[in-house]
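Welcome! Here are a few short exercises to work through with the structure open beside you. Try each task yourself before reading its solution.

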Amino acid sequence: MDVRAGRLPPAFAPAIDAHDEETMDAEIERLRRRERELEDRVAMLEADRRQGVRRPDHGQRTSAASADLLFTAAEKTRMPQIITDPNQPDNPIVFANRAFQSLCGYDASELIGRNCRFLQGPDTDPADVAKVRDAIAGRRDVVVELTNYHRDGTPFRNELYISPVFGPDGSLRYFFASQLDVTRFRTAEGILAESESRYRALFDAVDSGFCIVEMRFDAESRPVDYRFVEVNPAFAAQTGLHGVAGRWVSEVVPGLERFWFDTYGEVARTGRPVRFESGAVSMGRWFDVHALRVGEPELHRVAILFNDITDRRRLESHLETAARERTDERDMVWRASRDLFVVCGFDGHFRKANAAWTQTLGWEIDEVVGARFDHYVNLEDRAAAAAAFERVIAGLPIDDLDVRMRAKDGSVRWISWNAIPTGDHFYAAGRDITERRALEEQLRQSQKLEAVGQLTGGVAHDFNNLLTVIKSSTDLLKRADLAEERRQRYVGAISDTVDRAAKLTGQLLAFARRQALRPETFAVDRAVTAVADMVRTLTGARVHITLDLPTGEEQGLHVNADPSQFDTALVNLVVNARDAMAGEGNLRIRLRRATTIPAIRAHPLQRGDFVAVAITDSGSGIAPENMERIFEPFFTTKGVGQGTGLGLSQVFGFAKQSGGEITVESEVGTGTTFTLFLPRVAVAQSSGPAAEPEPLAEGHGTRVLVVEDNLAVGAFAEQALRELGYTTVWVTDAATALAEIERVPFRFEVVFSDVVMPGMNGVELADEIRRRRPDIPVVLTSGYSDVLAVKGTHGFDLLRKPYSVADLSRILRRAVQEARGRRGAAPPLR
């Protein structure tokens, strides 16, 4: 259709004749618009043809759909290829085939319209990018290898071929780029190069000698020579040969033993590697050699790694000689020693024994070998021997196990054993210590006598002082014209002296661990706080006291011990620290939880759960020569009249009797730390303090059965109770007491009995009364009883001697009151 010249096709002529001129102009205008639309469409189609690309349909991965041969070929090939348009801004990608999409991981929609540089990354070499840029600018071919990145960020080596595509008129239309992923080839090359580099570095740096030799065989296939193909720098140091590369060994080492040729020839023929040690007599050296075939079998090449072991062989020879000598010496010691030697298996049977068994115990060797380890152990010591055996088979050594061994003549001898396990058996050596044990026992007896003498002298000295006060006071009380004020003073002196005597006796019993304790569960932190407040008056203002108590989860430090004895022990330690500081310095009381008690005084380390109270002073310290004696009774370094020497002994006895320990650390001129360890226990429910008994009414007549074998004490107790309004019956033994109770039922309201009596003791009497008449309370009294020290009071109240009349009345009233409360009726005492 041609409307530009104003000519219309003949088909329109009738229409023009039928319409007026206005209508024809409108139609012409419509046709012109249609013509412009068609021209625009043609221009767009031509542009699309030049680009050779169309937008992908939904679901397609490529935009290559042009009929253009270039695009069609690129679409079909398996090599990754893209086409860019240099006539558009930034030379964008206008085509990417499926192979390229698979290579980089991007879809066509993500590639079209973008410059190729977005495939580059941090490891892309700018020099490679410059080569591509220069080729694009110069419109020429280029081949370059550079690093690109996949969509997931991993790099790959891309061998890139770029060519310009020109149109028929010579104009540049496209750039065509073909890709090749050469990563695996470059990786293999790098690995090979790295391997070769490592080999060369190892080859040059290894201290062992290394060489590759080429074997030569004769017509009968016998190895007759070999040539050094390659040697490392250490070769010369290991062999003493220089410049051997390329030379035959027959030239370098004339007369080399046939063994070397046969060995290497066998490796070259069979390919079986060998490892051996051998000497080269012609070289005067010994070698440790490892040889294996390398390369093609036809080359007959053998790689040899070796070390010069000449010095080692000489040393081994020397050691072998020394070992033989030591073996001879050991056998000589085994035969000549007077100690018992055995080798015992973990099955408990002796495998070997020496002649000392016969000399010491009379048993022949064939009687010992095959016997069990405990066969000759005395019956009383077999448990200790069995425990030691379990320890040694667990892999632990045994040191100084003293057991009694039976001799063939029926006698018993002490043997001290040491054992060391190895493999499935152990070696043991036993030394006869019978004479030593006898001497030690004699020494202990001598020490006991000395201690008893010292103790007796100390007790006599202190009690004589106390008795002097009592005697003098009683003599003065006999004076007829004595004023009442002086009489009261002398009576008071006697009473105070009795209290001091009782305290002295208690300290002696504490040291001997024979005091009757009244243990109960209490919080140590509260007890320490209370005592600390009290001892400030003992130490004076010039002693600065620091109290270090645990907080938080470390609280709850409870022990089961006698609270009053604990307080006394703490006071004794504080007073001792005050005296060591001469009344001026720093005193620290620290409470903590401990899991071990250190080894001390020949006792091993103890593990457990303990409460530790440490008293640290800044005093003069303890001289080393006195450290072993500080807990002895009456031992003191204080001046006359400044102490009895029983304070620390009381602490020692209390700790031991309570299942604990006392340790001391001291440095002269710096200070001393005493640490009292007591076993920690769980918190017990407290019943609260005992209620104070009600006062007695005049003439109450409470009936008491007094059981006391000492006539003077019994008479005093009966008289004192009667003066207080009690009705008493006094008997001197347990059998009579039981008879009195059975004779008249419900006659007595309380029994007051001594503990130490002939026949049935007071504790046994109380148990029998509890069994027969549980409604009658029993109160015990004693100054000292081994029964109480070992077994306790069995739950009965105890009044310690010497006691006051007030204490006697109070404890009897409490016992009666509690008994009536248990029976459900508590009428007031008359």
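**Exercise 1.** In which sense do strand β11 and β12 pair, and over how many bridges?

*Solution.* Keep in mind that this is a predicted model. Start by finding β11 at residues 340-345; its pairing with β12 is antiparallel and runs over three bridges. Next, look across from V342: the residue opposite is A353, in β12.

**Exercise 2.** Work out in what order the strands of the sheet with β11 are arranged, and which strands stand at its edges.

*Solution.* Step one: read across the open sheet, where five strands follow one another as β12-β11-β15-β14-β13 with antiparallel pairing. Step two: go to the edges, where you meet β12 (350-353) and β13 (398-406). Each of these has a single partner strand, so one side of each lacks a neighbour in the sheet. Step three: compare directions; neighbouring strands here are turned by 30° against each other on average, direction ignored.

**Exercise 3.** Which strands does helix α14 touch?

*Solution.* Locate α14 at residues 382-393, packed on the sheet. From there, trace its contacts to β11, β13, β14 (412-422) and β15 (425-432). Finally, set its direction against that of β13: the angle is about 140°.

**Exercise 4.** Describe the open sheet that contains β6 and β10.

*Solution.* First, list its five strands in order: β7-β6-β10-β9-β8, paired antiparallel. Then pick out the edge strands, β7 (223-231) and β8 (274-280), each pairing on one side only. Here neighbouring strands are turned by 35° against each other on average, direction ignored. Last, zoom in on β6 (residues 209-217) and β10 (residues 301-308), antiparallel strands joined by six bridges. Within this pair, V213 has V302 in β10 as its bridge partner.

Methods:
Residues numbered from 1 in each chain as written. Predicted model: local features only at pLDDT ≥ 70, side-chain atom pairs only at ≥ 80, totals over all residues. Heavy atoms only, no water. Pairing = 2+ DSSP bridges. Helix = DSSP H or I, 4+ residues; strand = E, 2+ residues; numbered from the N terminus. Axes fitted to C-alpha atoms, helices over the stretch in contact; angles between N-to-C directions. Contact = heavy atoms within 4.5 Å.
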